[in-house]
Amino acid sequence: MKEAAIHAILSRFLIAGGLPGGMKLGEHRLAEIFGVSRERIRKVLHRLGHERLLEVVKNRGAFTIEPDLREGRVVYEARRILESGMVAHLADNLTEPQQLRLREHVDAEADAMRRGDQPSWLKLSAEFHYLLAEMIGNPLIQRQALELINRTLMLVKRYETTAGSACGCEEHRLIFKALAAGDRNKAVKAMSSHLSLVETRLRPIVCDEASPPIEAMLAQAIAAFHTQESDDAGASRSLTPRRERAASMPQATGD
């Protein structure tokens, strides 16, 4: 398996919050699961460490990160500063094709919510923020937004109640409407309010349920990755612009 595929599988797995915090991810164990050398696994783990999806400790190895609500306050503050600036810029510069893409996206979110398809809604919810960063056209902003969003995704997956889903969907529509109207002040206010509300919906976990063995969990993640690859290959000739963009993004859940 290629390193890019291993990175994609592990990053999605970590963002989904499938493992308890502080768990060591041994190179030998992962090498056996993926059928590759320890050197290749080590490269992937160090990359995940740079992306703040793992904690890599010198001479000790790689460990899963325990999402911390206190750290979450700092990360959400950073997101409010960054993404408020993003929507302020987009309110002044949004093109008609970009407006259409955003409209299609928030409509897809609402449709998934109406159908009760929570996995699809959660995925689209995160992609809304990736999409805004992409529309800026600045790779530095896009990279910073991706790192911050990924860090909050783990918090949302672990601490957010499902009751916030419908609220979040409507909040995205308010942001879109402000952008479509070119209203800079309203767009900034809507984004800042949205991220603050997501933060307030995070609640401490009373107790954790025991997780299945990592081998079984990663086997499911690998199978899901290969299934998606097959689906993407079969649909490659008929992808719409929105679906092309979604196919290139990390598989994420929530805001």
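Two strands are taken as paired if DSSP finds at least two bridges between them. Helices (H or I, at least four residues) and strands (E, at least two) are DSSP runs, numbered from the N terminus. What follows describes a predicted model, in which local features need pLDDT of at least 70, side-chain atom pairs count only at pLDDT 80 or more, and totals for chains, interfaces and linings use all residues. Residues are numbered from 1 along each chain as its sequence is written, and side-chain values use heavy atoms, with hydrogens and water left out.

On that basis, the chain has 11 helices and 3 strands. Read along the sequence, these elements come in the order α-β-α-α-β-β-α-α-α-α-α-α-α-α. The chain has 255 residues, 44% of them buried (under 20% relative accessible area; exposed is over 50%, partly exposed in between; 1.4 Å probe, protein chains only). Take the contacts (heavy atoms within 4.5 Å) with a separation of 6 or more: 79% of them join residues 24 or more positions apart.

Now for the sheet. The 3 strands make an open, antiparallel sheet, ordered S1-S3-S2. S1 (24–25) and S2 (54–57) sit at the edges with a single partner strand each, so one side of each has no neighbour in the sheet. S2 and S3 (residues 61–64) pair antiparallel through 4 bridges. Within S3, Ala62 stands opposite Val56, while Thr64 is the bridge partner of Leu54. The S2 and S3 hairpin has 3 residues between its strands, and Asn59 there takes a positive phi near 65°. On the other side, S1 and S3 are joined by 2 bridges, again antiparallel, and Lys24 has Phe63 in S3 as its bridge partner. Helix H3 (residues 38–50) lies across S1, S2 and S3, at about 115° to S2 (axes are lines fitted to C-alpha atoms, for helices over the stretch in contact, and angles run from 0 to 180 degrees between N-to-C directions).

Helix H1 (residues 3–15) is next. Its 13 residues should span 18 Å at 1.5 Å a residue, and the end C-alpha atoms are indeed 18 Å apart (the expected span is 1.5 Å times one less than the number of residues). Because 11 of those 13 residues are buried, H1 is largely enclosed by the rest of the structure. The buried ones include Ile6, His7, Arg12 and Phe13.

As for the interior, the largest nonpolar core (buried Ala, Val, Leu, Ile, Met, Phe, Trp, Tyr and Cys residues joined through side-chain atoms within 4.5 Å) holds 61 residues, and Phe34, Leu102, Leu132 and Leu179 touch the most other members. A second, separate core has 7 residues, among them Ala110 and Trp121. Neighbours within four places in sequence aside, Leu102 contacts Leu94, Phe128, Leu131, Leu132, Met135, Phe176 and Leu179. Leu94 itself sits in the loop between helix H4 (69–93) and helix H5 (96–114), and it is buried, at 17% relative accessible area. With the same neighbours left out, the contacts of Leu94 include Gln99, Met135 and Ala180. The C-alpha atoms of Leu94 and Ile136 are 9.0 Å apart, although 42 residues separate the two along the chain.

Finally, Ser84 lies in H4 and counts as buried at 11% relative accessibility. Its side chain reaches the backbone oxygen of Arg80 at 2.6 Å. Leaving aside neighbours within four places in sequence, Ser84 is in contact with Arg79, Val188, Met191 and Ser192.

Conventions:
Polar contact = N/O pair within 3.5 Å; in protein donor to acceptor, adjacent residues only side chain to side chain.
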